[in-house]
Amino acid sequence: MLRGAPAEDLLLQVPHGETTKLISMRELRFRHQIIDPDPPGARHDITLLADLTGDGRPDIVIGGKQGPPNLMWYRNPDWQRFAMADAPDLEAGGVVLDITRNGRPDIVAGQQSRGGGLLFWFEHPGDPRQPWPVHVIEDRFDKYHDQAVADVDADGEPELVFLSQGAGVLGYYDLPEHPRVEPWPRTCFHLISDQVGDSEGLVIIDLDGDGTNEIIAGTNIFRPLDIERERWRAQAYLDGFVKTRVVAADLDCDGTLEIIVCEGESDVGRSAWCRPPDWEPVLLRTDLFHPHSLAVADFDGDGLLEIFVGEMGLGQNELPELIIFRGPHHDFEPTVISRGIPTHEAKVADLDGDGRPDIVGKPYDPQRHVDVWWNEC
């Protein structure tokens, strides 16, 4: 394990076929900054990154269960905070989508409420500093945890896919011609499964390279069999893992995607990556505390992808860690880049345009602040 490495690059000799390949292992250096020490509301669940101002830089969107406001954004780079909307009891997840097709990003997020929750979309008002109109998409299900956007029915148009933990439903919506109708027309709704339980984690990607997107929902892969008849085939790729955060990426640059997971709601959460075609899991850690943040990026600039995992605090974990797993040839070793600052649903993007992915997050409860970890590798 590479800890306390010198500032200069480390060159490792790694077998690669019949040759020996030199791989640079730069020291991982991140600088922590609190951009808001006292955000309004509590139980902040949502973290999204989107260019709301049109200046080419990602701004930060934060949402939560308690407000007002329940949804707010921070302008890059001065991090001035602006209220967006008050829509109580927002659940983790959320997605950015141009619903009105006017070139401006709108926001989709849902409620946790059981027995009558709503799935909303928040309309970009033109000037993002002004209030964002709130519209209802769906009102039949409960606890909308995770949304994603992609073409899932091969019609060349993006669809809005969502998970409802309370109802055990995985479904999607075609974007209606008149999206301000509330709720959206039932003719636009398509049921994929009503047997997904309280699954978490949602990824839409062409997993097998056949030109058609699959949906990864928790520990199941859904493949379309007959779109017109709304028939999908579910394949469990991982047993025993619960309430997983999920990403998919080509970790070894061989043109084949792997699935990476962590148990985001567990006191002793596991993290693993799964090899195709049988999805054999390779464990990374088995002792993580509510690792509800998961992402993949090239953090050290070596051309290979690393795995980022972040732990929550919840007033119980005194030393939550942010960890980056890296290493050539699938020998992923953990490097702790932060200890003692809890995070939840953290996201990764290049915030300052220096070509290096940074990390944005916030605690869920009881602490309240918004954080950036600046990549200084």
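**A guided tour of strands, cores and two buried residues**

Begin by selecting residues 258–263 and 269–275, which are strands β21 and β22: these two strands pair in the antiparallel sense over four bridges. The model on display is a predicted one. Within this pair, highlight V261; opposite this residue stands A272 in β22.

Next, extend the selection to the whole sheet. Four strands form an open sheet with antiparallel pairing, in the order β20-β21-β22-β23. Its edge strands are β20 (244–249) and β23 (280–288), each of which pairs on one side only. From one strand to the next, the twist averages 15°.

Now move to the largest nonpolar core, which has 18 residues. Select V61, L71, M84, L90, I107 and F122, the members that touch the most other members of this core. To see which strands contribute, display β4 (42–50), β6 (71–74), β7 (81–85), β9 (106–110) and β10 (119–122); each supplies at least two residues of the core. Centre the view on L71 and show its surroundings: leaving aside residues up to four places away in sequence, L71 touches V61, I62, G63, A83, M84, A85, L90, I107 and F122. Another core, of 17 residues, lies apart from the one just visited. Among its members to select are V95, L97, V108 and Y173.

Proceed to G171, located in strand β14 (residues 169–174). Is G171 buried or exposed? G171 counts as buried because its relative accessible area is 0%, under the 20% limit. Add V161 to the selection: this residue is 10 residues away from G171 along the chain, and the two C-alpha atoms are separated by 5.8 Å. Residues up to four places away in sequence being excluded, the contacts of G171 are L160, V161, F162, F189, H190, L191 and I192.

The last stop is S338, in strand β27 (residues 333–339). With a relative accessible area of 8%, S338 is also buried. Which residues does S338 touch, not counting those up to four places away in sequence? They are P320, E321, L322 and W373. Select W373 together with S338 and display both side chains: a polar contact of 3.3 Å joins them.

For a closing view, show G171 and S338 together with the strands that hold them: G171 is found in β14, and S338 has its place in β27. The relative accessible area is 0% for G171 and 8% for S338.

Conventions: Residues are numbered from 1 along each chain as its sequence is written. This is a predicted model: local features need pLDDT of at least 70, side-chain atom pairs count only at pLDDT 80 or more; totals for chains, interfaces and linings use all residues. Side-chain values use heavy atoms; hydrogens and water are left out. Buried means under 20% relative accessible area, exposed over 50%, partly exposed in between (1.4 Å probe, protein chains only). A polar contact is a pair of N or O atoms within 3.5 Å; within protein, one must be able to donate a hydrogen and the other to accept it, and residues adjacent in sequence count only if both atoms are side-chain atoms. Contact means heavy atoms within 4.5 Å. Two strands pair if DSSP finds at least two bridges between them. Axes are lines fitted to C-alpha atoms, for helices over the stretch in contact, and angles run from 0 to 180 degrees between N-to-C directions. A nonpolar core is a set of buried Ala, Val, Leu, Ile, Met, Phe, Trp, Tyr and Cys residues joined through side-chain atoms within 4.5 Å.
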